[in-house]
Amino acid sequence: EPGFDREEPLLLLGSCNGWSPEVAAARHKLKVASRTDDATESVVWLDLPPEALTVNFQIVSSRHCWKWRLYPGLGRSGVLSFAREAAALASLAAGSNSQAAHGRNFVARGRPGERLGIAVSLSSTG
């Protein structure tokens, strides 16, 4: 079963790419922006569709897809605030536990056509 790896290659998989791993790999693959001894931060730019105010998504492994995914933790809203100090905490569902994340999505809100940066910081310390 896949475990935690802070160097895990990531995809943004959601309503913006039809929940298709193939489309996400072509359009919404996160790129490593920085590394420290404690964490790896990756970023993807998301263009909101002209007809949409929101995009629902999860962050998944490009190697394990639905078997390794980040989702809003229990009791947490998945609606994102676009300020670094207001980061959303996520839970990891991996392997046989991955179904726990089904339907528990992050939500990015903005103006139609707006470009949003989504950053993910993976840390082995939580």
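Two salt bridges are present in this predicted model, a modest pair that offers a convenient way into the fold. In one of these, the side chains of R115 and D47 come together with an N to O distance of 2.9 Å. This pair ties together distant parts of the chain, since R115 belongs to strand β8 and D47 to strand β3, with their positions 68 residues apart in sequence. D47 has a relative accessibility of 41% and is therefore classed as partly exposed.

The other salt bridge joins R111 to E114, and here the closest N and O atoms lie 3.8 Å apart. The two partners can be told apart by their accessibility. R111 reaches 58%, so this residue counts as exposed. E114 stands at 22%, and because the cut-off for buried is under 20%, E114 is classed as partly exposed.

The strands that carry R115 and D47 also take part in an open sheet. Three strands build this sheet, arranged in the order β2-β3-β8 with antiparallel pairing. Its edges are formed by β2, covering residues 31-35, and β8, covering residues 115-123, each of which pairs on one side only. On average, and with direction ignored, neighbouring strands here are turned by 30° against each other.

It is worth following the pairing strand by strand. Between β2 and β3 (residues 39-47) there are four bridges in the antiparallel sense, and the two strands make up a hairpin with three residues between them. Within this hairpin, K31 has V43 of β3 as its bridge partner, while V32 is placed opposite S42, also of β3. On the other side, β3 is joined to β8 by nine bridges, and these strands likewise run antiparallel. One position in that pairing is A39, which stands opposite S123 in β8. The salt bridge between R115 and D47 thus connects side chains from the strands β8 and β3, which are already joined through their bridges.

Turning to the interior, the largest nonpolar core contains 19 residues, and the members touching the most others are L12, F57 and I59. Several strands contribute two or more residues to this core: β1 (10-14), β3, β4 (54-61), β5 (65-72), β7 (106-109) and β8. The largest share, four residues, is supplied by β8. This strand is therefore a recurring element of the description, being an edge of the open sheet as well as a source of core residues. A second core, separate from the first, has five residues, among them L11, L13, A24 and C65.

A final site of interest is S98, found in the loop between β6 (90-94) and β7. With a relative accessible area of 3%, S98 is buried, because it falls under the 20% cut-off. The S98 side chain reaches the backbone oxygen of W66 at a distance of 3.4 Å. When neighbours within four places in sequence are left aside, the residues in contact with S98 are W66, K67, R69 and A93. W66 thus appears both as a contact of S98 and as the residue whose backbone oxygen the serine side chain reaches.

Technical notes
Residues are numbered from 1 along each chain as its sequence is written. This is a predicted model: local features need pLDDT of at least 70, side-chain atom pairs count only at pLDDT 80 or more; totals for chains, interfaces and linings use all residues. Side-chain values use heavy atoms; hydrogens and water are left out. Two strands pair if DSSP finds at least two bridges between them. Axes are lines fitted to C-alpha atoms, for helices over the stretch in contact, and angles run from 0 to 180 degrees between N-to-C directions. A nonpolar core is a set of buried Ala, Val, Leu, Ile, Met, Phe, Trp, Tyr and Cys residues joined through side-chain atoms within 4.5 Å. Buried means under 20% relative accessible area, exposed over 50%, partly exposed in between (1.4 Å probe, protein chains only). A salt bridge is a side-chain nitrogen of Lys or Arg within 4 Å of a carboxyl oxygen of Asp or Glu. A polar contact is a pair of N or O atoms within 3.5 Å; within protein, one must be able to donate a hydrogen and the other to accept it, and residues adjacent in sequence count only if both atoms are side-chain atoms. Contact means heavy atoms within 4.5 Å.
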